[in-house]
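Me: Could you walk me through reading this one, feature by feature? I'd like the general idea each time, then the case at hand.

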Amino acid sequence: MHIDRTIRGQPVELLVPSMHCAGCMRRIEDALTGQPGIFAARANLSRRRVVARIDPALTDAEALIATLARDGHAARPFDPGIDSQATGDTGMLVRIGIAGFAAMNIMLLSIGVWSGADGATRDLLHWVSALIAIPAVLFCGRPFFASAFAALAHRRVNMDVPISLAIVLAVSMSIIETLDSGKNAYFDAAVMLIFFLLIGRYLEHRMRAAARSAAEELAALTGRTATRVWPDGRQQRLSVGDLQPGMILSIAAGERVPATGVIVQGQTDLDRALLTGECDPIPAATGDQVQAGTLNLGQPIRIRVTATGDDTALGEIARLVDSAERGQGRFDRLADQWARYYVLIIHILAAATLFGWLLMIGSWLSALAAATAVLIITCPCALALAIPSVHTAVAGRLFKAGVFLKNGEALERLSSIDTVVFDKTGTLTKDRPELVAAPPADDPAWPAIAALAAASRHPFSRAIADRGRELGISPARLGAITELPGLGMQALFQGAPVRLGRPKSGSGVTFTGVGTAFDFRFAETLRSDARQTCDALAGSGYRLAILSGDNATRVGQTASALGIDDARAGLLPQEKLAWLNARSADGARILMVGDGLNDAPVLAAADASISPGSGADIAKTAADLVFTGNGLEAVATALDAAALARRRSMQCLAIAIAYNAIAVPVAVAGLVTPLFAAIAMSASSLIVVANAIRPGRAP
């Protein structure tokens, strides 16, 4: 695999908790890029982190933190031992609960005012409302106030600026009215507004929390420590981060290789399925190269390290995944651009309403009430709830169907798919080889076969051991069990030698001993509904393709069985990604379905992606959706759900737009108070949510 060695500088990773949108991500990168000593800066929204590559002689982490602070973003060095993926959901739920409780109680008090309470009684009700509302607003509205203040402090505006302005104006006017024994107070409007906006913010946070970074899962594939062998034979456990080229490492049987290197002692079989997708283990001996992340199936070996960390194939895959994750934020950037125009329009409308009413009636209080009503009635609550509500409702339906949606934004991308690309091994086929030829249950060799198979980690041996258990075979007691690197297992059974392993020529598994010899045969088995699913997708107009790291013979057989014409074999991860990028450049909208480590970059880079629950952790993390079960019907299920989500999203957006088209002119004309503006805004939000969750065609 080609390793990109052009990345310069020492990496510095910072945690930026205030990063909450694509606009923040872009501003953080812009603030750092071009600063002295910074070669590159890359922000990741789902992880709230930024990685900068620096020249330590010119800058350091403290300088980066200071630069971000000047731009309004507090940052600190990321410490994996301290920092976690917590999203603040608990605190958000507490604020929602307090805001809802306060709104209900204030509305009860307001009923007394609406019923005709006057004089001292009305003033008392207003003061009690103030005692409930002011603490609730200060506590529950803090996320909006803090965001708005940070934006204004750095001469920017965001969606939280008009929201905060509306809340502050509503509370300020209400306090003035209460002090003057006035008739109108709008504490209920302020608290109700915060309540519904917090619900929208919570739904957004839940969607963000599901989008964990796939690149973080790669560390588990090489482990945390490795065994170094010193020239005098002494062994020492080291952190993987401390490995250096030239070191000699001991790799035990069943252990993953922590760094790329060359075997200097021993012979074994290597499982490279996570890197290449090839299902057959590969024999390796002295002088052969081994890649980080491969699994040692046979005897212990020793390797001389040639590459570590980012310089390994595993490191390159991590960079590809991280880069592709960032690329999926283009919809967020479009939303951010739209939001800036929306904020500008809201402020212009509110200012025009304020000065218009001042010119007409000359009353500051009435003009402020009208302007506040405009700010409240145009708050983007319905728009903010529309898409998250649809995503949450559809995600619930998918959950019941055994499909787990990790990223609500993926539904939008999934609805525009025209090409479905499959990995082969573990995706179109079952994840373990199927034993298709074995001795009958009454064969006297079975006890020895079962014992030899149980002593090996080889996938073929596991399949044979499973068959023995199915037949109720009791493994024999063997003596002198030995694994022959690259050849299999041998032992003594009743004083005679027996062997289970690779034949002298060809491939497969052969048993010899007990006066007999038997060749076990294996075959890849398609998932039960693979052909049905592919036929259904092709019938619906989707173009189908296979991208696999396995050999051409097996890929061709699978493609022929499924009626797929476009099948590519022997591809490395970056070759799969290059194919996908080329097709995307031609206008294809691609859904990737894969299960292996080698699929992770294309799963992250595709317009949408699905992984089976039996796949590698990195693949499941990189994918937008994960499905359980042994069938592929989840692919069609997800596409149907995406189509439903698209229809509902368009309906909800249409409702929100229609609401604003009617409500804004009414508010500008001064025909609604801030309270009724909040009620109208809340009603539009409830209609949007009701439309999102109403029953529809089940996925």
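Me: Let's start with strand β24 (residues 590-593): which of its residues are buried on one side, and which on the other?

Reply: In a regular strand the side chains alternate between the two faces of the sheet. Here Ile 590 and Met 592 lie on one side of β24 and Leu 591 and Val 593 on the other, and all are buried, so both faces are covered. Buried means under 20% relative accessible area, exposed over 50%, and partly exposed in between (1.4 Å probe, protein chains only). Strands (E, at least two residues) and helices (H or I, at least four) are DSSP runs, numbered from the N terminus.

Me: Before we go on, what should I keep in mind about the model?

Reply: This is a predicted model, in which local features need pLDDT of at least 70 and side-chain atom pairs count only at pLDDT 80 or more, while totals for chains, interfaces and linings use all residues. Residues are numbered from 1 along each chain as its sequence is written, and side-chain values use heavy atoms, with hydrogens and water left out.

Me: Which strands pair with β24, and in what sense?

Reply: Strands of a sheet pair through backbone hydrogen bonds, either parallel or antiparallel. Two strands count as paired if DSSP finds at least two bridges between them. Strand β15 (residues 419-422) runs parallel to β24 over four bridges, with Thr 419 opposite Ile 590. Strand β25 (residues 608-612) also pairs with β24 in the parallel sense, over three bridges, and there Val 593 has Ile 610 as its bridge partner.

Me: And where do I look for antiparallel pairing?

Reply: Try the open sheet of six strands, with the order β6-β5-β7-β13-β8-β11 and antiparallel pairing. β6 (235-239) and β11 (289-290) stand at its edges with a single partner strand each, so one side of each has no neighbour in the sheet. Inside that order, strand β8 (residues 260-265) and strand β13 (residues 301-307) are antiparallel and joined by five bridges; Ile 263 is partnered by Ile 303 in β13. For a hairpin, go to β18 (residues 488-493) and β19 (residues 496-501), an antiparallel pair with six bridges. Two residues separate these strands, and Gln 494 in the turn has a positive phi of about 55 degrees. Gly 488 stands opposite Gly 501 in β19.

Me: How about the nonpolar cores?

Reply: In soluble globular proteins, nonpolar side chains tend to be buried together. A nonpolar core here is a set of buried Ala, Val, Leu, Ile, Met, Phe, Trp, Tyr and Cys residues joined through side-chain atoms within 4.5 Å. The largest has 49 residues, and Ile 167, Ile 194, Leu 198 and Ile 376 have the most contacts inside it. Helix α7 (187-210) is among those that supply at least two of its residues, and α7 gives the most, with eleven. A second, separate core of 39 residues includes Ala 410, Leu 562, Leu 632 and Val 635.

Me: What does Val 191 in α7 touch?

Reply: Contact means heavy atoms within 4.5 Å. Leaving aside neighbours within four places in sequence, Val 191 is in contact with Ala 99, Ala 102, Ala 103, Ile 106, Ala 133 and Val 137. The C-alpha atoms of Val 191 and Val 137 are separated by 6.3 Å, though these residues are 54 apart along the chain. Val 191 is buried, at 2% relative accessibility. With the sequence neighbours within four places again set aside, Ile 194 is in contact with Ala 99, Val 137, Cys 140, Gly 141, Phe 144 and Ile 167.

Me: How do α18 and α19 pack?

Reply: Helix α18 (residues 530-539) and helix α19 (residues 552-562) pack at about 65 degrees, with axes 9 Å apart. Axes are lines fitted to C-alpha atoms, for helices over the stretch in contact, and angles run from 0 to 180 degrees between N-to-C directions. Ala 530, Arg 531, Cys 534 and Asp 535 in α18 meet Ser 560, Ala 561 and Leu 562 in α19.

Me: How many disulfides does a search of the whole structure find?

Reply: A disulfide is a covalent bond between the sulfur atoms of two cysteines. Taking sulfur pairs within 2.5 Å as the cut-off, the search finds zero. Cys 140 is buried at 0% relative accessible area, and Cys 534 is buried at 1%.
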